[in-house]
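Here is a short tour of one protein model, written for someone who likes to keep the structure open while reading. Have your viewer ready and follow along.

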Amino acid sequence: MRLKALLILIILSQLGFAQDCNYTFLGELKDFHNNTPIVGATVYMQNLDKYTTSDVDGKFKIEKLCLGELTLVISHVGCETKTVTYNIDSDTYKQIAIEHHIEELNEVTIAGNSKLQNTSIQQSISKNELAQYSDKSLGDALNSISGVTSLNTGNTIVKPMIHGLHSSRLLIVNNNVRLFDQEWGDEHAPNIDINSGGRIDVVKGANTLRYGSDAIGGLILIRPENYAAKDSLFGSTSLSFNTNGLGGNVNTELVKTFKSGFYAKAQASYKAFGDFEAADYNLSNTGVKSINTSARFGYKSFEKGFDAYYSFVDNTIGILSASHIGNVNDLVRAINEGTPQVINDFSYEINNPKQEITHHLGKVEAYKRFQGFGKLTLQYDFQINRRKEFDLRRGDREDIPVIDLRLFTTSLQPNLRIDALDKLTINTGFLLRYQQNDAISGTGVSPLIPDFYKYDAGVYATGNYDLNHNTEISAGFRYDFSRIEAEKQYRVTDWDDTYNYDELFPEFNSGVIENSRYLTYPEFTFHNVSASLGLTKQFENDIQLLVNYGLASRMPNPSELFSDGLHHSAARIEIGKLTMQKEVANKFVASIERNNDDFGFSVSPYYKYINNFVQLIPIGTTTTIRGAFPVWEYNQVDARIFGVDIDINKKISNQFSYNGSLSLLRGDNVSEDTPLIHMPATNFSNAITYNNKKLNQLSIGIKQHTVLQQKRYPDYNFFTFDPVLQDDVYVDISSTPAAYTLFSFNSSASFKVFNKSALNVSFNVENLFNVSYRNYLNRLRYFADDLGRNFNIKLKLNY
């Protein structure tokens with residue numbers, strides 16, 4: 001009896017089991033973007049250890065499935081592998097979307113070679129190349145790119161220039177946040193720690209509309225690193241030491257990634273230098289101290305993710321003591337004598353004059369992809385910039401800055417990428433931004449720029465279309481609305497007589513007079529329209545042609561509108577004008593390129609015509625209680641800038657390679673038929689490098705860089721009265737320094753230490769032959785030579 005019962009139970013269980021294994025799963029694979037079928041994909045049934053493939057309609061069938069879970073791993077060439085799990089309790093149909101766009105796949109890998117747009121005329125500095133500039137500034141790193149120079153104040157304040165344009169005409173974007181840090185000043189360097197970035201892209205063409213309408217010069221994009229979705233912990237620590245300035249930099253970073261897609265990064269660096277040296281003497285009070293930290297946390301998958309980022313920069317920068325003139329006669333003596341009037345022994349102490357700047361930047365960004373449509377991104381960011389400039393003052397006023405500015409910026413930026421069509425991709429979005437500038441009271445002097453509020457709103461749309469497999473075009477349009485509201489005091493005589501503002505802007509005057517000054521409330525509204533058009537065409541032998549046209553508009557910055565007084569760190573009176581109009585530029589850039597390791601080149605001519613170009617030029621002197629100072633005034637002219645950038649790379653043998661570059665530029669003041677002020681001179685470089693991968697990745701190179709004398713410059717020289725001589729003296733502030741050639745040596749090698757760690761060691765020599773020279777684009781060239789020889793050692797441990 002027991003045996004019969006057991007047999008019945010076994011038979012029933014077998015019948016039930018057979019009944020539960022008759023389910024069918026029908027799957028249909030479609031491209032996430034445009035819902036086209038994915039043909040020939042491999043489908044692995046993980047819990048059954050079986051394979052199948054999708055047919056011409058993207059469908060596949062799995063039969064005789066049992067009750068329970070079914071896990072599928074789907075892979076296809078050019079697609080991101082996707083794993084899905086379904087509960088099988090009946091016949092089941094599922095449509096499965098997978099990613100099939102290679103350019104989108106680059107966003108979740110470490111490839112990192114994608115351009116901003118395929119039609120962009122763009123050059124990049126990789127993470128490994130940035131490591132060679134770990135103890136230098138953003139401007140120093142960018143000087144290695146053809147067509148990019150810098151406007152310097154000594155060697156520690158370095159403002160990038162693209163094709164002769166800088167400050168408000170360049171868009172600097174850090175981790176997808178446009179940088180605002182009182183960039184209007186010639187001696188205000190970008191507050192960015194290049195050690196926190198993953199790569200820097202320089203866009204010389206017109207593909208910048210997503211970030212702003214006013215990129216008359218171009219775009220500098222500091223990109224974060226992308227991390228693979230795997231369980232890992234890694235990082236690096238680097239040290240550097242320099243003989244010139246007897247200082248260096250330490251930087252460390254640690255990254256944690258998870259297979260789930262989460263990641264986190266922490267980074268910090270500290271830089272300290274004492275007085276730097278020219279070839280023949282000490283450059284007193286030129287030290288620098290910098291503390292930088294950044295943190296990043298986020299989650300990344302193909303369909304959704306977020307990224308939170310924060311950075312803090314704290315810079316203290318000494319200004320060459322000899323450059324701090326008491327009046328214009330000090331400037332005359334400095335020019336005529338040729339050596340600094342102040343040369344002290346080496347010191348790490350940073351005295352007045354100096355700058356102290358702190359900059360906070362925070363960002364939260366999130367995205368979501370929608371099947372058959374596109375990707376929506378939403379970003380909120382904020383920045384707080386505090387700038388203090390200290391003058392030589394007596395007694396208890398020594399620690400009180402003469403300029404104390406606090407700038408708060410916050411913005412909201414949604415962006416929608418529509419990529420459901422095979423050949424057309426559209427990016428569209430809008431911007432809302434608010435700025436508040438506070439000229440902190442208690443400095444004892446009138447603020448150079450006043451309190452103001454600024455409101456920005458913009459909308460844009462760009463599109464890329466593939467004409468065929470080797471030709472692509474892009475186009476874009478952007479509109480920006482800006483309103484600025486200020487509170488400023490003007491001397492009654494200036495308002496009524498000098499500038500005639502009583503007739504031009506009577507609505508700004510409150511009628512209140514304090515200490516012979518009107519209290520005014522200037523308000524301006526600007527409407528800016530920008531556009532771009534680009535084309536790229538691929539030819540045989542790795543050759544491609546890129547052509548860009550751009551229309552860019554820029555409203556005057558606060559300095560150009562409101563400056564009114566002594567800019568102490570610049571040692572000059574600066575005068576802005578309320579009559580300033582917006583700049584409008586037409587930009588044409590082309591490039592013929594061959595991207596090939598054996599032999600590559602790029603030839604990039606460009607032409608820019610700028611209506612109402614704003615320039616700051618010297619117009620004479622004025623007398624204050626401290627003496628006579630040069631007066632620099634903003635005015636507007638029509639300008640033309642054109643030139644060509646040439647780059648060449650050649651593999652001479654398996655171990656030797658050559659790199660060369662040449663930049664030619666001409667800037668014209670069309671309105672007055674004179675050259676533009678502060679345009680870069682012709683410069684070229686040549687470098688030979690030896691590489692031996694088998695010998696600890698050994699690399700040895702030597703580089704020559706030549707800057708010719710700028711012989712096209714405007715004559716703004718003037719006479720001023722010298723009370724000591726009781727006679728007028730000639731002030732030659734326009735003549736340019738002689739040409740110079742610098743050589744540098746660089747070497748590096750990599751050594752394995754521990755199990756999974758590598759130690760990179762580099763030894764470099766800058767200004768190898770200790771040449772005495774002065775750079776036309778260094779604002780302190782009147783007072784001292786540029787840097788002499790420097791020996792540099794860098795150690796970087798990757799772990």
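Which strand gives the largest share of the nonpolar patch? Strand β45 (residues 790-798) does, with three residues; strands here are DSSP runs marked E of at least two residues, numbered from the N terminus.

A word on the source: this is a predicted model, in which local features need pLDDT of at least 70, side-chain atom pairs count only at pLDDT 80 or more, and totals for chains, interfaces and linings use all residues. Residues are numbered from 1 along each chain as its sequence is written, and side-chain values use heavy atoms, with hydrogens and water left out.

**Confidence.** The average pLDDT (the predictor's confidence in each residue, from 0 to 100) is 90 for the chain, and 95% of the residues score at least 70. Over residues 102-113, pLDDT stays under 50.

**The surface patch.** L239, V250, Y270, I291, F763, F791, I793 and L795 form a nonpolar surface patch of about 640 Å². Patch members have over 30% relative accessible area and no salt bridge, with nonpolar side chains (Val, Leu, Ile, Met, Phe, Trp, Tyr) joined within 5 Å and like charges within 9 Å. A salt bridge is a side-chain nitrogen of Lys or Arg within 4 Å of a carboxyl oxygen of Asp or Glu. Areas come from the Shrake-Rupley method with a 1.4 Å probe, and for residues only the protein chains shown count as cover.

**Three residues to look up.** Buried means under 20% relative accessible area, exposed over 50%, and partly exposed in between (1.4 Å probe, protein chains only).

| Residue | Strand | Relative accessible area |
|---|---|---|
| E28 | β1 (residues 23-31) | 12%, buried |
| I291 | β20 (residues 288-300) | 40%, partly exposed |
| R572 | β33 (residues 572-575) | 5%, buried |

Contact means heavy atoms within 4.5 Å. Leaving out residues up to four places away in sequence, E28 touches D57, G58, K59, F60, Y93, K94, Q95 and I96. With the neighbours within four places set aside, the contacts of R572 include D186, H567, W632 and R779. The C-alpha atoms of R572 and N327 are 8.9 Å apart, although 245 residues separate them along the chain.

**The cores.** A nonpolar core is a set of buried Ala, Val, Leu, Ile, Met, Phe, Trp, Tyr and Cys residues joined through side-chain atoms within 4.5 Å. The largest has 69 residues, of which L331, W495, F524, F562, L578 and F783 touch the most other members. A second, separate core of 19 residues includes I38, F60, I62 and Y86.

Definitions and conventions. Helices (H or I, at least four residues) and strands (E, at least two) are DSSP runs, numbered from the N terminus.
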